[in-house]
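The exercises below are meant to be worked through with the sequence and the coordinates side by side. Try each task before reading its solution.

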Amino acid sequence: MTRTTDPRGNRALRIRDAKLSDAPELAALMCEFDYETSYAEMHSRLQVILSDVSYSTIVAEVDNKLCGMIGTLTHASHEHNDPSGKIIALVVSKPQRRSGVGRALIAAAENDFASRRVTRVTLTTRFEREGAHRFYEALGYAKTGFRFAKNLPRIPQK
Ligand SMILES: CC(C)(COP(=O)(O)OP(=O)(O)OC[C@H]1O[C@@H](n2cnc3c(N)ncnc32)[C@H](O)[C@@H]1OP(=O)(O)O)[C@@H](O)C(=O)NCCC(=O)NCCS
């Protein structure tokens, strides 16, 4: 997928699939998202994710600089017949926020979901991410539940 648009008329916004060579910029974006991530860590995560067709990783570039990403998963469901879609990660770099990049990434992810016959998309977001809550509501996503989380001990690998 490669699309070039210019929604606000003053810059070149490009939406495309992520590549392994995007690892340094994606690691920096994860750090902005409060998930400390080194280049090496992002490189090995991407190796796994990019080789699994259930995942999509789409990036945004403004004036040829990577400034946003969305990661999604399409999965079978125990509760629904159609495949379900999950937005796993979405972040836009601070200087580019509120200029339509997040909206363009969601539109690209929704197109990708539609091509995979997904009819229901979910995501979770922390209580304190109030800007993100308003963003998702503005794009037609409704609050439908709570997320519960628990950390489990890591079992040493043999
Ligand atoms: C949430 C996030 C991805 C939005 O990206 P963005 O590029 O700034 O969003 P857009 O410019 O496309 O906004 C689209 C619409 O959403 C709404 N919106 C976006 N951010 C908003 C905010 N902070 N407060 C209120 N409304 C907001 C507006 O209606 C906006 O349209 P408008 O600018 O024409 O008024 C970005 O703020 C971000 O990366 N936040 C930190 C990471 C995060 O919280 N990710 C989500 C975790 S699940």
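**Exercise 1.** How do the axes of helix α1 and helix α2 cross, and within what distance do they come?

*Solution.* The coordinates belong to a predicted model. Begin with the two stretches, residues 23-32 for α1 and residues 39-50 for α2, whose axes come within 8 Å and cross at roughly 110°. Angles of 65 to 115 degrees count as roughly perpendicular, and therefore α1 and α2 are roughly perpendicular to each other. Next, look at the side of each helix that takes part: A23, P24, L26, A27 and M30 in α1 meet Y39, M42, H43 and L46 in α2. Sorting the residues of this contact by character gives eight nonpolar, one polar and no charged.

**Exercise 2.** Identify the largest nonpolar core and the elements that supply it.

*Solution.* The largest nonpolar core has 21 residues, and those with the most contacts inside it are I15, I70, I87, V101, L105 and I106. At least two residues of this core come from each of β2 (13-17), β3 (55-62), β4 (65-75), β5 (84-92) and α3 (101-115), with α3 giving the largest share, seven residues. To follow one of these residues outward, take L105 and set aside its neighbours within four places in sequence: L105 is then in contact with I15, I58, V59, A60, G68, M69, I70, L90, V91 and V92. A second, separate core of 14 residues must be kept apart from the first, and among its members are L29, L46, L66 and V91.

**Exercise 3.** How many disulfides are there, and why is C31 not bonded to C67?

*Solution.* A disulfide requires a pair of cysteine sulfur atoms within 2.5 Å, and by this rule the count comes to zero. The closest cysteine sulfur to that of C31 is in C67, 16 Å away, which is too far for a bond. The surroundings of each cysteine can then be classified: C31 counts as partly exposed because its relative accessibility is 25%, whereas C67, at 4% relative accessibility, counts as buried.

**Exercise 4.** Where is V53 placed, and is V53 buried or exposed?

*Solution.* First locate V53, which lies in the loop between α2 and β3. Its relative accessible area is 72%, so V53 is exposed. Finally, compare sequence with space: V53 and T74 are 21 residues apart in sequence, while their C-alpha atoms are 8.7 Å apart.

Notes: Residues numbered from 1 in each chain as written. Predicted model: local features only at pLDDT ≥ 70, side-chain atom pairs only at ≥ 80, totals over all residues. Heavy atoms only, no water. Core = buried A, V, L, I, M, F, W, Y, C linked by side-chain atoms within 4.5 Å. Buried < 20%, exposed > 50% of the residue type's maximum accessible area, 1.4 Å probe, protein only. Helix = DSSP H or I, 4+ residues; strand = E, 2+ residues; numbered from the N terminus. Contact = heavy atoms within 4.5 Å. Axes fitted to C-alpha atoms, helices over the stretch in contact; angles between N-to-C directions. Parallel < 35°, antiparallel > 145°, perpendicular 65-115°, else oblique. Nonpolar A, V, L, I, M, F, W, Y, C, P; charged D, E, K, R; others polar.
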